[in-house]
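You asked for a short note on this model, with attention to the ligand site and a few positions elsewhere. My points are set out below the entry.

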Amino acid sequence: MADLTPLLAFRWSPRSFDPDAELAQTEAATLLEAARWAPSVGNRQPWRFALGHRDDETFKRILVNLPAAEQRWAARASALVLAAHPRTGHRFVAYDLGQAVAHLTVQATALGLHVRQVTNLDRAGLVADLDLPGDVRPYVVVAVGQLGDPLSLPADLLADETALRHRRPLGEIVLTCENATG
Ligand SMILES: Cc1cc2nc3c(=O)[nH]c(=O)nc-3n(C[C@H](O)[C@H](O)[C@H](O)COP(=O)(O)O)c2cc1C
């Protein structure tokens with residue numbers, strides 16, 4: 001972690017968003033611009049986004065399609081971004097969309113913001129409530145905001161929020177080829 005660029009080293013996914021912080025329109029535009037410039041297979045850019053600012057209609061319609069447990073913290077975010085992809089794309093559309101969201105996430109860190117993602121969505125509800133085109137499949141919701149007071153979280157979320165973060169050691173994730181020669 002020590003040698004990572006600070007943009008990656010300081011990134012983490014909080015639930016304790018500041019319920020009073022607002023996302024400026026310029027910040028929202030910058031986040032989407034970062035996603036727009038992600039690489040993709042054949043430069044097909046198979047990503048679509050709907051962004052709602054807290055308490056606007058888009059935000060409310062995204063929020064109600066998250067599980068109740070996630071709504072408890074997501075409601076405090078400054079913005080909710082639905083990231084979607086075309087239903088009929090090539091088999092790497094989810095990979096490409098993930099890269100676009102990763103770009104958005106790094107840009108959020110650069111703006112002093114935090115992100116937490118949710119994939120457990122009512123996808124049919126999102127299509128209906130946001131009146132999405134039929135060929136668009138909701139994939140993940142990205143909550144964006146500023147860090148708030150973790151003590152304002154419900155007790156179970158506070159425990160998760162303050163738990164140590166873990167990663168598998170490199171030795172577990174780097175594959176070595178036992179029989180490779182040379
Ligand atoms: C695709 C994706 C889906 C996620 N879904 C959820 C979710 O449904 N609920 C939640 O609280 N966190 C969710 N997370 C956050 C992860 O739990 C979190 O990124 C992981 O524990 C690593 O923690 P860190 O981001 O702080 O390093 C999701 C993250 C990703 C990338």
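The points below start with the ligand and then turn to a strand pair and two single residues.

1. The model is predicted. What follows should be read as a description of that prediction.

2. Which residues are around the ligand? They are R11, W12, S13, R15, E70, W73, R116, Q117, V118, T119, R165 and R167. By class, the shell holds six charged residues, three polar ones and three nonpolar ones.

3. Polar contacts to the ligand involve both side chains and backbone. S13 places a polar side-chain atom 2.4 Å from a ligand oxygen, and R116 has a polar side-chain atom 2.8 Å from an oxygen atom of the ligand. With Q117 the protein partner is a polar backbone atom, which lies 3.0 Å from a nitrogen atom of the ligand. The ligand on its own would expose 620 Å², of which the protein buries 64%.

4. Two elements, α4 (68-74) and β3 (114-118), each supply two or more residues to the shell around the ligand. The largest contribution is from β3, with three residues.

5. Strand β3 also deserves a look away from the ligand. How much of β3 is buried? Four of its five residues are, and the strand is thus mostly covered. Its partner is strand β4 (residues 136-145), which runs antiparallel to β3 and is joined to it by five bridges. One pairing to check by eye is that of H114 with G145 in β4.

6. T109 belongs to helix α5 (residues 93-110). Is T109 buried or exposed? Its relative accessible area is 17%, so T109 counts as buried, the cut-off being under 20%. Beyond its neighbours within four places in sequence, T109 is in contact with L7 and R11. R11 is also one of the residues around the ligand.

7. P86 sits in strand β2 (residues 79-86). The same cut-off of under 20% applies here: P86 has a relative accessible area of 14% and is therefore buried. Setting aside neighbours within four places in sequence, the residues in contact with P86 are P46, R48, V93 and D135. As for L97, it is eleven residues from P86 in sequence, and the C-alpha atoms of the two are 10 Å apart.

8. For a first inspection, I would display the ligand with S13, R116 and Q117, and then follow β3 across to β4.

Conventions:
Residues numbered from 1 in each chain as written. Predicted model: local features only at pLDDT ≥ 70, side-chain atom pairs only at ≥ 80, totals over all residues. Heavy atoms only, no water. Near = heavy atom within 4 Å. Polar contact = N/O pair within 3.5 Å; in protein donor to acceptor, adjacent residues only side chain to side chain. Areas by Shrake-Rupley, 256 points an atom, 1.4 Å probe, with all protein chains shown as cover. Nonpolar A, V, L, I, M, F, W, Y, C, P; charged D, E, K, R; others polar. Buried < 20%, exposed > 50% of the residue type's maximum accessible area, 1.4 Å probe, protein only. Contact = heavy atoms within 4.5 Å. Pairing = 2+ DSSP bridges.
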